[in-house]
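Biologist: Before I use any of the labels attached to this structure, I would like to hear the reasoning behind them. Please take me through a few.

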Amino acid sequence: MKSWIPEAGRLREEDWQRRHRLLTTLLAATVVGLTVFGVFSDEGLTKSWLYTVLIVLPCVVAAARLPGRRLPSVAVALGFTAFCGGFVAMCHGLTEAHFSFFIAVAALALYRDWAPFGMFLVATTLHHGVFGSIVNDRTFDHHGALLHPLLWAVLHGVAVLLAATFQVVGWHLTAAEERRAQENLDESQAQLSIAFDETPVPMAMIAPDGRLLRTNAAYRAWLGLPETLPPGFGVADLPITQVEDRPSLFGHLITQGSATDTRAYRRRDDGSIMWIEVHSTALHDRSGRLRLIFVHCMDVTRSRRHEEELRHQVRHDSLTGLLSREGFDQDLAAMMTARPGPASVLYLDVDRFKSINDGSGHSAGDLVLRSLAARLTAIAPPGALLARFGGDEFVVALPGGLEAGAAVGHAVVREFAEPLPVGGNVLALSASVGLAVATSAAHAENAVLAADTAMYVAKRNGGNRMKVFNDQMRVAVQDRIASEKLLREALDGDRRRTLPVWFQPIVSAQTGEILGAETLVRMRTADGSILGPGLFVPAAEETGLIVPLGEHVLIEALRHLVAWRDELRYVSVNVSPRQLAEPDFVPLLADLLAAMPGLNPSRLVLEITETALLASTVDITERLETIKSLGVRIALDDFGTGYSSLTWLQQVPADIVKLDRSFVAGLATDAKKSSIIRAVLWLAQSMGMSAVAEGVEEAADVQALREVGCPLLQGYFFGKPMPPEEFAATLQRSRMATTP
């Protein structure tokens with residue numbers, strides 16, 4: 001019988017228990033209701049009431065005590081049948097009283113089970129048939145039922161059955177819909193399980209109290225957790241501890257719900273540090289209460305370490321391990337912000353370091369820089385900042401005023417003067433040191449600039465010494481800052497107007513004809529004033545602005561050279577050490593020449609000084625040879641002012657030698673100068689070079705230079721630097737004067 005009447009529906013146990021308690025409570029309430037009805041009826045509490053109560057109460061007890069689902073629900077069905085029958089009897093078979101059977105049908109439909117339905121239908125039919133035959137006056141209240149009680153019992157049973165049928169149909173339709181919904185839910189849950197469990201990203205579901213409700217295989221493998229977690233296993237039991245002193249991440253997730261956070265954790269198994277990026281999503285119920293937090297974790301340790309390495313590379317010098325300029329600027333500002341009071345800044349440069357690279361090679365130079373960095377680290381007090389700004393320039397910053405900085409500066413000078421063994425040789429070095437004091441973080445950058453200025457003063461005074469920045473130097477710094485500002489504004493404007501190029505004639509010593517011109521840049525200020533190069537070129541050299549400035553001069557020189565194609569043989573352009581060291585200089589020059597196919601490259605002469613040769617950090621001979629391969633000529637400017645000019649004359653592939661004005665001035669009355677110039681001219685001629693005498697201002701010197709055979713002359717005697725329009729007119733007059 002049990003298998004013949006199968007249980008239908010898919011009520012969960014807790015849902016069934018809740019419905020059963022409701023129906024049992026209603027069944028017990030019918031006793032109270034029936035009693036109240038009897039008390040207020042005309043007949044009072046009759047035997048029908050008593051018999052009904054005696055049947056209903058055991059059913060209530062059975063419903064509350066019997067195990068399983070079927071027997072308690074059948075007991076409820078019998079109880080409702082007894083109640084309906086008793087109520088009909090107490091109403092003397094009143095037709096309206098029979099409506100209680102239909103109400104009971106709807107109530108029993110809550111079970112969604114055929115057993116209580118079947119029991120109720122059978123019991124209802126029997127009640128109408130048996131009681132309709134025995135006590136028909138208390139079962140039916142009409143004549144036809146009194147004559148044919150069995151027929152009307154069947155009719156009443158069929159009516160109840162039809163009412164129940166629609167309940168059953170609705171129940172079956174609902175059950176079918178629930179099955180489809182459950183199938184869809186099962187499929188969705190299966191897909192979710194696959195997506196959750198099989199994904200390689202560690203994921204977990206966490207309850208608001210911190211318990212781990214579910215984890216995937218990647219999460220367990222990542223943290224070394226067992227396949228099955230112990231009951232109550234939560235966030236606090238994970239084998240990692242937070243490194244940073246910050247509020248708990250889980251508390252943050254509870255508060256924020258959905259967030260992204262990256263933190264450092266230490267693994268308890270091996271003590272390693274791991275960086276975890278946690279993405280969380282909060283799930284709430286309809287009332288807005290937090291149900292769970294879904295998190296997926298990404299181990300970003302490798303990328304974080306890579307970022308730290310990149311930051312370290314940016315902030316530190318790769319050769320010495322000291323701070324870079326950027327790192328030093330950041331740390332100096334932070335140090336002065338954290339520790340009120342002055343800070344001393346030492347700027348030092350190794351004297352004649354280029355000779356080490358030239359004589360022993362760049363590898364030896366790198367070894368020297370590393371050794372000097374180690375010495376500097378040993379000298380500097382705790383808490384000091386040490387940096388390498390490039391080349392052989394180092395900077396030290398330490399808390400304290402002038403006295404503290406001077407003590408370290410003198411120690412640096414003494415230590416750097418000690419012989420340094422490198423590659424089997426012992427090198428004698430020295431350092432030029434500049435000292436300045438920064439009074440606040442806002443003046444830190446100016447202090448570095450001031451120390452740099454003092455260092456150059458120390459170097460100009462012979463090196464191997466320390467100089468303290470003073471007010472006289474301050475004026476120079478302020479002028480340099482002002483010059484830099486003007487130069488930047490000029491470079492950002494219309495360069496042809498703000499940075500005009502002027503030309504100074506270079507003439508034939510014999511005929512006086514203008515054969516060439518030196519290109520010289522000027523600056524036009526906002527008020528129309530013209531400034532000479534001495535007021536802004538030094539600032540350009542120190543700041544690196546000489547590179548765009550030199551490019552502009554070169555472009556303008558070539559433009560005018562093309563314009564004066566048949567009237568001027570060549571123009572010369574000064575090239576700074578900074579320009580020559582730029583890797584893009586030669587490609588730029590080649591591109592400019594290629595853009596002017598009709599121009600003979602030999603009409604362009606690049607002037608370099610001995611200072612440029614000494615200061616250059618590249619292989620100067622190789623770079624000059626590359627320039628000459630383009631067809632451009634090279635002039636060695638200010639020849640004779642350095643201690644190794646003859647050496648450079650031999651090494652540099654120059655085409656022209658420009659004699660410094662110090663040899664020209666007073667030449668007519670100085671026999672020694674005449675002998676020197678004769679020797680240089682002979683040497684230049686023997687090496688296939690031409691020569692230009694600079695700074696010619698007196699007629700007697702012109703005659704003397706003609707007598708010693710100098711082919712080309714340049715100086716105020718023949719013309720000062722002049723704007724292009726004025727030079728073009730001068731050039732035209734020169735051609736007319738020298739044309740037969």
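**Two helices and a strand**

Modeller: In this predicted model, Ser-674, Ile-677, Arg-678 and Leu-681 of helix α26 are in contact with Leu-705, Glu-707 and Val-708 of helix α27. Sorted by class, that contact holds four nonpolar, one polar and two charged residues.

Biologist: Why are α26 and α27 called oblique to each other?

Modeller: Helix α26 (residues 671-686) packs against α27 (residues 699-708) at an angle of about 45 degrees. Angles under 35 degrees count as roughly parallel, and 65 to 115 as roughly perpendicular. The angle of about 45 degrees belongs to neither range, so the pair is oblique. The axes are 10 Å apart, and the crossing is right-handed.

Biologist: What makes strand β9 largely enclosed by the rest of the structure?

Modeller: Buried means under 20% relative accessible area. Six of the seven residues of β9 (residues 393-399) are buried, so the strand is largely enclosed.

Biologist: How do you know that β7 and β9 pair?

Modeller: Pairing needs at least two bridges. Strand β7 (residues 343-350) has seven bridges to β9, and the two run antiparallel. Tyr-347 stands opposite Val-395 of β9.

Biologist: What makes β8 and β9 a pair?

Modeller: The requirement is again at least two bridges, and β8 (residues 385-390) is joined to β9 by five, in the antiparallel sense. Ala-387 has Val-395 in β9 as its bridge partner.

Biologist: What lies between β8 and β9 in their hairpin?

Modeller: Two residues separate the strands, and Gly-391 in the turn has a positive phi of about 60 degrees.

Notes. Residues numbered from 1 in each chain as written. Predicted model: local features only at pLDDT ≥ 70, side-chain atom pairs only at ≥ 80, totals over all residues. Heavy atoms only, no water. Buried < 20%, exposed > 50% of the residue type's maximum accessible area, 1.4 Å probe, protein only. Helix = DSSP H or I, 4+ residues; strand = E, 2+ residues; numbered from the N terminus. Axes fitted to C-alpha atoms, helices over the stretch in contact; angles between N-to-C directions. Parallel < 35°, antiparallel > 145°, perpendicular 65-115°, else oblique. Left-handed = near helix turned anticlockwise from the far one by under 90°. Contact = heavy atoms within 4.5 Å. Nonpolar A, V, L, I, M, F, W, Y, C, P; charged D, E, K, R; others polar.
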